[in-house]
Amino acid sequence: MGAGKYTKGCTRWLIVLVVAALVVTAIVLGLRKKAHHSDMGPVPGPPGAITQKYSDALSVALQFFQVQKSGKLVNNKISWRGDSALSDGSEDGLDLSKGMYDAGDHIKFGLPMAFTATVMSWTILEYGDQMSAVNQLDSALDSLKWITDYLINAHPSDSVLYIQVGDPDLDHQCWQRPEEMTEKRPLLQINKKNPGTEVAAETAAAMAAASLVFKSINSSYSDLLLQHAQKLFTFADDHKVSYTSSFPKLEKFYNSTGFGDELLWAASWLYHATGDQFYLSYVTVQNGQSYADWGRPTWFSWDDKRSGTQVLLSRLNLFGAKQSTNAENKGLQMYRKTSEAIMCGLLPDSPTSTSSRTDGGLLWIDQWNALQHPVAASFLAVLYSDYMLTSRTPSFSCNGVTFSSSDLRKFAMSQADYILGNNPMGISYLVGYGDKYPQQVHHRGASIPASANTGCKGFEWLKSPNPNPNVAVGALVGGPFKNDSYIDNRNNSMQSEPTTYNSAVLVGLLSGLITTSSVVRSFN
C-alpha cells in the first residue's frame, strides 16, 4: 500500500513536470517567433574578415566617379575619357571646370551633385576604416574633393551660389562625347533676388560633412569648407524660397518637393561639424515638428532627406548628445522613433513592412530609376544596424515584434545581392561587375568611340544596336521593372541611365557590408 501511494505521488509530480516543461517550451517558442535574432554578439572593433564580393563590387562602383569627372583630368585611368568643359564658369570669371556630370548627359546640376558629396562624406566618416582595409579610401577621397573643389568655386560670395552649368534643353538636343562639346554652357545662380533654399542647404550639408572628412587630412581645407557651409546655411535659412519657384524650368529635371528637409539635413551636419547648440536646437526644438514629419517613414533620395536626417540624428540619441536640454533630447528621441518606423517598413517580416517588392525580393517604389530607393534604404539600414551594434542596443519593436541589428543587415545584404546578380534576370546591375551586366548603358561618352568625331549630332550611336564601345565601369543602371525584367536598350533611359547620386549610396551600402565593424561614436 505504501508502494502504491509512492507511485501515485511520483505520477502526479511527473505530470506537473511535463506540463511545466511544455509551458516553458511554448514560452520559448513564442519568444523566438516574436523576436528575430535578439542575440547581440560581441561589439566588433577594427575591420575583421572581408566579404570579397562586396569588396570587389566597391572597387568597381567607385570607378564611375572617374567616368563622370569634368575638367582637366589628373591621373586619369579611364582610357576613353579626356579633358572636358575646361572653360566652364569663365564668362563670370570663375573656374567651374571641375565637378561631375550627373548622369548620361553633360549638365552639372548643383542639387544632386551636392547630395552625392554629402553621402560620400557620410560613408567615409562611418566606414573609412573599412574602405581603407580594401584599398578604396583614397579613390573615394579623390572623388569627394573633385566635387568640393567645384562647390567652393561655385560659392564666390555669401549670398551667391552657382547651381548649374549648361543648358539641359540644349544638351539633350545633342548626343556627343563631353570632350567634343562646343555649345554654350550658360551659368545659373541663386542669390537674394532669386533664392533657392534646397540647393543652398544641400550644398551647406555637403561642405559641413566634407569638412569633417578632411579635418585630420587637410585642416585648412576643412576650415574653408566649414566657413562656406555656415554662410550657405544662413543664406538658405534667411531666404526660404524653393529653387524651382525661382527657376520653374528646372521642375522637369530635378523638381523639389520642399526645402524643410534640406534645412534639417544641413543643420544636422553643421551640428556634427561644429558642436554648436544652435544647430541642435534648430533641428529639434525650433523646426523638428514643422519639417521632420516625425513618425512618418519616407524614402531617402536626392530630393527627400528626411529619412537620412532621422538616422543621422538617431546616432546622437543612441550615443548621447553632449549638453543637450530635455527638449532637445525629446526631439532626438522622436528622430530615433521615426528611424525605427523606417526600419520596420523595410524588413519583410515586419507587421508594418511595405508590400511594394518584386517577386525577386527587391524593394520597388518607382519604375523610373527603380534602384534608387532600395539602395538608399539599404544604406540607411546598414548604418542603423551598426549604430545599434555599437551602442549595444539589442532590438527595436515593430508593432510588438522585435528585430535586431542582424535583421537589418540581412535585409541590406539581400538588396545588395539582388543588384549584384542574385535576381530573376541573373544580371548584375552594376556595370563591370560579374560576367553579365548591361551592355547598352544610356551614357553619351560610353556609347561613342573615342576616335569618332560626331559633333553635336551623334545620334547614330544612341540608336546603334551594338554594345557600347566603352564600358562605363561602376555605373549603376536604373534597374528592373516591377516584374523583375530589364530591357537592355540605350534608348530605354528609364532603366538604363546611371547617376552619380545612385552610385554614392551604393558605395555607402557596399562599404558598410565589406565587414562588420563598430562605427565611431563621434565624428570629431
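A disulfide is a pair of cysteine sulfur atoms within 2.5 Å. The structure discussed here is a predicted model, and a search of the whole of it finds two such links.

One disulfide joins Cys-174 to Cys-456, with an S to S distance of 1.9 Å. The torsion about this S-S bond is about -95°, so the disulfide is left-handed. The pair links distant parts of the chain, 282 residues apart. Cys-174 lies in the loop between helix 6 (168–171) and strand 4, whereas Cys-456 lies in the loop between helix 18 (444–447) and helix 19 (459–463). Both cysteines fall under the 20% limit of relative accessible area that defines a buried residue: Cys-174 is buried at 3%, and Cys-456 counts as buried at 19%.

The other disulfide connects Cys-344 with Cys-398, with an S to S distance of 2.0 Å. The value about its S-S bond is -90°, and this link is left-handed. Here too distant parts of the chain are linked: Cys-344 belongs to helix 15 (residues 326–346) and Cys-398 to strand 5 (residues 396–398), 54 residues apart. Cys-344 counts as buried, with 4% relative accessibility, and Cys-398 is buried, with a relative accessible area of 1%. When the bonded cysteines are counted along the chain, the disulfides follow the pattern 1-4, 2-3.

The nonpolar interior may be considered next. In soluble globular proteins, nonpolar side chains tend to be buried together. In this model, the largest nonpolar core has 154 residues, and the members that touch the most others are Trp-122, Trp-269 and Met-343. Apart from its neighbours within four places in sequence, Met-343 is in contact with Val-311, Leu-380, Ala-381, Tyr-384, Phe-396 and Leu-408.

Helix 8 offers a further view of packing. This helix comprises residues 219–238, 20 residues in total, and reaches 29 Å from its first C-alpha to its last, close to the 28 Å expected at 1.5 Å a residue. An α-helix has 3.6 residues a turn, so residues three or four places apart point the same way. Among the buried residues of helix 8 are Tyr-221, Leu-225, His-228, Leu-232 and Phe-235; Ser-222, Leu-226, Ala-229, Phe-233, Ala-236 and Asp-237 are also buried. What do the buried residues of helix 8 pack against? Their partners include two strands, strand 3 (161–165) and strand 4 (187–190). They also pack against helix 5 (137–153), helix 7 (197–213), helix 11 (260–274) and helix 12 (277–286).

Definitions and conventions:
Residues are numbered from 1 along each chain as its sequence is written. This is a predicted model: local features need pLDDT of at least 70, side-chain atom pairs count only at pLDDT 80 or more; totals for chains, interfaces and linings use all residues. Side-chain values use heavy atoms; hydrogens and water are left out. Helices (H or I, at least four residues) and strands (E, at least two) are DSSP runs, numbered from the N terminus. The expected span of a helix is 1.5 Å times one less than its number of residues. Buried means under 20% relative accessible area, exposed over 50%, partly exposed in between (1.4 Å probe, protein chains only). Contact means heavy atoms within 4.5 Å. A nonpolar core is a set of buried Ala, Val, Leu, Ile, Met, Phe, Trp, Tyr and Cys residues joined through side-chain atoms within 4.5 Å.
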